[in-house]
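This report concerns the charged side chains of a single structure and the partners they find. Please consult the sequence and the model as they appear below.

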Amino acid sequence: MLHGRFFNKNDKTNIRKILDRTSTLNLQECRSYIQASYDSMHRLHESDERIADDYKPLFDYLDSLGGRDISSTEKQQDLYNDLDCIRDIIASDMHQAYQADGYGSTRYEDQEILDMLLEKSNRELMLYPAIIWSTHWSKSKTNNKMYALRAKLRKEYDMTQYPDMYKDGKLIQS
């Protein structure tokens with residue numbers, strides 16, 4: 001059902017923001033995103049072999065694209081077009097932040113983090129899977145780094161959305 005109450009022709013929808021950003025990803029950035037997702041799932045599930053099996057077709061496809069000769073503009077354009085299926089997978093993964101998680105909960109924190117990263121560089125956007133899957137209970141050094149980045153992004157989001165709750169970068173205690 002369409003709702004037009006909050007329609008503003010100048011505002012982009014969430015899916016448009018994601019598609020605009022993912023449409024510019026190159027081969028290395030696509031590989032970085034998939035690798036970040038794989039690494040975070042691998043850490044989270046303690047080296048489960050099913051994780052490797054799930055990601056193998058993606059890595060194989062990216063490796064086949066990476067091995068291509070792109071000496072001409074036409075071949076470069078073919079490579080760009082052949083990355084569309086990977087970009088679609090990445091966009092779909094990001095768009096899940098705006099959907100309920102299947103257990104009746106919303107994913108507001110993931111939405112806020114993604115909203116912040118969509119406005120930042122592609123390098124930071126590639127960290128999205130590692131950031132959202134980081135946890136406070138895992139002791140891995142990489143996980144702790146991503147969890148700290150997650151907290152930093154959440155604070156940054158809150159400071160931009162709710163500036164009256166902060167003074168000099170610190171939360172005002174009531």
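Which side chain meets that of K75 in a salt bridge? The partner is D69, with nitrogen and oxygen 3.1 Å apart. The coordinates examined here belong to a predicted model. Within this pair, K75 is partly exposed, its relative accessible area being 36%, and D69 is likewise classed as partly exposed, at 46%.

**Salt bridges**

The count of salt bridges comes to 7. Three pairs, including the one already described, are set out in the table with their N to O distances.

| Positive residue | Negative residue | N to O distance |
|---|---|---|
| K56 | D60 | 2.8 Å |
| R68 | D82 | 2.5 Å |
| K75 | D69 | 3.1 Å |

The K56 and D60 pair lies in helix α3, which spans residues 49-66. Because these two residues are 4 apart in that helix, about one helical turn separates them. K56 is partly exposed, with 46% relative accessible area, and D60 is also partly exposed, with 38%.

The salt bridge between R68 and D82 has its closest N and O atoms 2.5 Å apart. This pair links distant parts of the chain: R68 is in the loop between α3 and α4, D82 is in helix α4 (73-82), and the two are 14 residues apart. Accessibility values place R68 in the partly exposed class, at 35%, and D82 in that class as well, at 27%.

Salt bridges also join K12, R16 and D20 into a network.

**A buried arginine without a salt bridge**

R21 belongs to helix α1, which covers residues 14-22. Is this residue buried or exposed? R21 is buried, and yet it has no salt bridge. Why does E29 not supply one? E29 is the nearest side chain of opposite charge, but it is 7.1 Å away, whereas a salt bridge requires a side-chain nitrogen within 4 Å of a carboxyl oxygen, so the pair does not qualify.

What does the side chain of R21 reach instead? It extends to the backbone oxygen of L117, at 3.5 Å. Residues up to four places away in sequence aside, R21 touches L117, L118, E119, K120, S121, N122 and L125. L117 therefore appears both among these contacts and as the residue whose backbone oxygen the R21 side chain reaches, a polar contact being a pair of N or O atoms within 3.5 Å.

Conventions:
Residues are numbered from 1 along each chain as its sequence is written. This is a predicted model: local features need pLDDT of at least 70, side-chain atom pairs count only at pLDDT 80 or more; totals for chains, interfaces and linings use all residues. Side-chain values use heavy atoms; hydrogens and water are left out. Buried means under 20% relative accessible area, exposed over 50%, partly exposed in between (1.4 Å probe, protein chains only). Lys and Arg count as positive and Asp and Glu as negative; His and the chain ends are not counted. A polar contact is a pair of N or O atoms within 3.5 Å; within protein, one must be able to donate a hydrogen and the other to accept it, and residues adjacent in sequence count only if both atoms are side-chain atoms. Contact means heavy atoms within 4.5 Å.
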